[in-house]
Amino acid sequence: LSAMGEPSMDPTIAADSPAQQDSFFSMTDVFLISLITGLFTYWFFFRKKKEEVPELPKMQTVAAPVRDSSFIEKMKKTGRNIVVFYGSQTGTAEEFANRLAKDAHRYGLRGMAADPEEYDLSDLSRLSEIDKSLAVFCMATYGEGDPTDNAQDFYDWLQEADADLSGLRFAVFGLGNKTYEHFNAMGKYVDKRLEELGAQRIFELGLGDDDGNLEEDFITWREQFWPAVCEHFGVEATGEESSIRQYELVVHTDVNMNKVYMGEMGRLKSYENQKPPFDAKNPFLAQVTENRKLNEGGERHLMHLELDISNSKIRYESGDHVAVYPANDSSLVNQIGEILGTDLDTIMSLNNLDEESNKKHPFPCPTSYRTALTYYLDITNPPRTNVLYELAQYASDSGEQERLRKMASSAAEGKALYLSWVVEARRNILAILQDMPSLRPPIDHLCELLPRLQARYYSIASSSKVHPNSIHICAVTVEYETKTGRLNKGVATSWLRSKVPGQPGSSSLEPGQQGSSSLVPMYVRKSQFRLPFKPSTPVIMIGPGTGIAPFMGFIQERAWLKQQGKEVGETVLYYGCRHEREDYLYREELARFQKEGVLTQLNVAFSRDQAEKVYVQHLLKKNKENVWKLVNEGMAHIYVCGDARNMARDVQNTFYEIVSEFGNMSQPQAVDYVKKLMTKGRYSLDVWS
C-alpha cells in the first residue's frame with residue numbers, strides 16, 4: 001500500500017481498514033468517470049464549434065454592391081452596337097464621344113456615349129454577344145500622365161485585370177498636350193493594355209494635341225476611322241449626312257419657380273441650402289473676403305483673392321487646387337439674345353429624345369435661356385466644327401451656308417479656313433453670329449450644341465496650417481485683342497476680378513442671387529504636389545509669375561513648422577517677373593520670410609529690366625554648384641510651377657546640364673537621373689499651357 005501512495009502521504013492512511021479501502025476505490029471510480037465525462041463534454045462542444053465555423057460566413061454573406069445597370073444590357077435593350085467611353089476632365093473628350101456615337105447612324109449602326117464611372121467595365125468581355133459590336137475610348141490625360149477623375153476606376157481595373165478580352169473590338173483616341181512630359185499617357189496605356197488582354201484593335205491609336213489643333217487632329221483621325229469600321233464590318237455609309245436633334249424643346253409657360261434651376265451644378269436649391277460634402281457636383285459658395293491688386297504698374301492686372309471656407313468642412317493641403325465655377329459676362333449673353341430675337345427669361349427644358357439615356361438634359365433643366373448662357377454654356381471659346389456643321393442649315397445666305405459647311409468638312413481647304421477664320425481669329429459664337437448676318441439659328445438648338453462651361457483650376461496660394469478657414473488664389477486677368485479687333489476677356493479671371501469682398505461667414509443665398517458680387521462656387525481638388533514628409537528635407541521651388549502661388553503655401557507651412565520647433569531644411573525659391581517695380585508679386589511677404597530665416601535663398605529674375613532677358617533658368621545655371629549640392633547631398637525635392645510650354649521645359653533642360661556637369665554623366669544618363677527623381681517624387685510639376 002505504501003507503494004501505492006506518494007512518499008509524503010500521511011502515515012495514518014496506510015493503516016486504513018478494508019472498508020475504508022472499498023470507499024477509496026469508489027471515489028477513484030467517481031473521479032475517473034467525472035474526468036472522462038468532462039473530457040467527452042469538452043470534446044463534444046469543441047467539435048460542434050468547429051463544425052459551425054464554416055456556417056457563419058454563409059449566414060453573414062452580404063451581396064457585393066452592383067452598379068445600376070450593365071452597359072451590355074442597356075445596349076441590347078436599345079439596339080446599340082457601338083459604345084464610346086470617355087475619360088473627360090474639361091468636357092472635350094465627352095464632346096468627341098458624343099460626336100462619334102452620333103456618327104454611327106450614317107453607317108447603319110447605333111452608338112451610345114458612356115461615362116466609365118457609371119458602368120462595370122469588366123463587362124467588356126461580354127461585348128462580343130452583340131453583333132457588329134465595337135468599343136471606342138476617347139481618353140484625356142490629366143496632370144502628369146494621370147487618368148481623369150471619371151476614368152480612375154477604369155484605369156485601376158485595367159491595371160489589375162486578368163480578363164480575357166479576345167472577343168472585344170476596339171479603337172482609342174487620346175486627348176493630350178505635347179507641352180507636358182507625359183503626352184497622351186492615358187490614351188497610349190488604354191490602347192496597349194486592351195491589346196495585352198487579347199482585344200482586337202480595328203483602327204490605330206489617335207493622338208490629339210491640344211497645344212496644336214486638337215479639333216483638326218480629331219477630324220483627321222475620325223475621317224479614317226469610319227472607313228476602317230465599314231471595312232471591318234462590311235457596311236457602307238447610308239448616304240447624305242443629316243442633322244439629328246438629340247434633345248427636344250419644352251417651353252414652360254406655367255411653372256413653379258421653386259422647381260427652376262438658377263445656376264446650381266447638381267441639386268436644385270443647393271446654393272440656398274448648402275450641405276457638405278462639397279465637390280464638383282455640389283460646390284460650396286465661398287465668400288470673397290479679400291480681392292487686391294498685386295502689381296504696382298504695367299498693363300496687366302494680377303490679383304490676390306481670399307475665399308472664406310468657414311463651416312464648410314472643406315479640408316485642403318498646400319499644393320492642392322481650388323476649382324471655381326465662373327459666370328459669363330452678362331453683356332455677351334444679352335447680345336446673343338438680341339441677335340436671335342429671344343426672350344432670355346423664357347423657362348424651358350431640353351429633354352433627351354433617347355429615353356434610355358443616362359443624360360436626360362444637356363444642362364440642369366428646367367431653367368431660363370439667360371441662366372443657361374450665363375452659368376452652363378461656354379460662349380467664349382471658338383466653337384468646334386460639328387457646331388458649325390449643325391448651324392449651317394440656319395444660314396439663309398447660300399454663301400454663308402457653304403462657308404460654314406466647308407469649315408466643318410475634312411477637306412484641306414476647309415480645315416485651313418476653320419483654322420484661320422475661327423481658331424486664330426478667336427471668333428466665339430457671338431462673333432460668328434455678328435459676322436454672318438444671315439445665320440440665325442433657333443436659340444434652343446444653339447444651347448444644345450454649345451459645350452458646357454467648365455470649372456477653372458488655380459493652385460492654392462496658402463497653407464491650411466496657417467489659414468484653415470481660408471483659401472488664397474493668385475491669378476492674372478486674361479484680356480487680349482483679336483485679329484478682328486475685338487477685345488476678348490478670360491471668363492473666370494474677369495469674373496473673379498469683379499468680386500467685391502464681403503463679410504466672412506455668409507455663404508447662403510437668397511433665391512436668384514447666385515450671381516452675388518462676393519460669392520464664388522468652389523471645391524478643392526487634391527494634388528500630388530506635396531511638401532516632403534520630413535520638414536528637414538531641403539526644397540528648391542521654381543515659380544515665375546503666378547507660378548509662385550503654391551510656393552506661398554509651402555513657405556507659410558515651413559514657417560509654421562519652424563514655429564512648432566521642428567527642424568526645417570533649406571527653403572530655396574527661384575522667382576521671376578518682368579519688372580522689379582511693376583509685377584514683383586508678394587514682395588513684402590517674401591522679404592519678411594527671408595528676414596525670419598524661413599526662406600534661406602530668394603533668387604529673383606527680372607526678365608525685362610535690362611537689355612538681355614534674364615529668366616529663372618539663368619539663375620539656376622548661375623547657382624549650379626549649390627543646386628547640385630542640395631540635390632545630390634541634401635536629397636532636396638524640386639518643384640516647378642507655371643508655364644509648361646517654355647519655362648518648365650527650359651528649367652528641365654537646365655537640370656539636365658547641371659546633373660551632367662557635376663555628376664560626370666552623359667546627356668542620356670543625366671536625363672535618366674532627372675526622370676528617376678520624378679519617379680521618386682523628388683521632381684514635381686504643377687504646370688499649365
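The exchange below concerns a helix, two cysteines and a cavity in a predicted model.

Colleague: How far apart are the end C-alpha atoms of helix 7, and what span should its residues give?

Modeller: Helix 7 covers residues 185–196, and at 1.5 Å a residue its 12 residues should span 16 Å. The expected span agrees with the model, because the end C-alpha atoms are likewise placed at a separation of 16 Å.

Colleague: Which elements are included in what covers the buried residues of helix 7?

Modeller: The buried residues of this helix are Met-186, Gly-187, Tyr-189, Val-190, Asp-191, Arg-193 and Leu-194. Their cover includes strand 3 (134–142), strand 4 (146–147), helix 6 (152–160), strand 5 (169–176) and strand 6 (200–201).

Colleague: Why is there no bond between the sulfur of Cys-447 and the closest cysteine sulfur, in Cys-365?

Modeller: A search of the whole structure returns zero disulfides, and Cys-365 accordingly takes part in none. Both residues are buried, Cys-365 at 9% relative accessibility and Cys-447 with a relative accessible area of 1%. A disulfide needs the two sulfur atoms within 2.5 Å, whereas the sulfur of Cys-447 is too far from that of Cys-365 for a bond, at 9.2 Å.

Colleague: Which helices each supply at least two residues of the lining of the second largest cavity?

Modeller: The structure holds three cavities of 30 Å³ or more, and the second largest has a volume of about 40 Å³. Its lining consists of Asn-213, Glu-216, Ile-219, Thr-385, Met-407, Ser-409, Lys-415 and Tyr-418, which divide into three nonpolar, three polar and two charged residues. At least two lining residues come from each of helix 8 (214–233) and helix 13 (412–424).

Methods
Residues are numbered from 1 along each chain as its sequence is written. This is a predicted model: local features need pLDDT of at least 70, side-chain atom pairs count only at pLDDT 80 or more; totals for chains, interfaces and linings use all residues. Side-chain values use heavy atoms; hydrogens and water are left out. Helices (H or I, at least four residues) and strands (E, at least two) are DSSP runs, numbered from the N terminus. The expected span of a helix is 1.5 Å times one less than its number of residues. Buried means under 20% relative accessible area, exposed over 50%, partly exposed in between (1.4 Å probe, protein chains only). Contact means heavy atoms within 4.5 Å. On a 1 Å grid over the protein atoms alone, a cavity is a set of points where a 1.4 Å probe fits but cannot get out, and a pocket is an open set with protein on both sides within 12 Å along at least five of seven lines; lining residues have an atom within 4 Å of a point. Grid points are joined across faces, edges and corners, and a volume is the space filled by probe spheres set on the points. Ala, Val, Leu, Ile, Met, Phe, Trp, Tyr, Cys and Pro count as nonpolar, Asp, Glu, Lys and Arg as charged, and the others, Gly among them, as polar.
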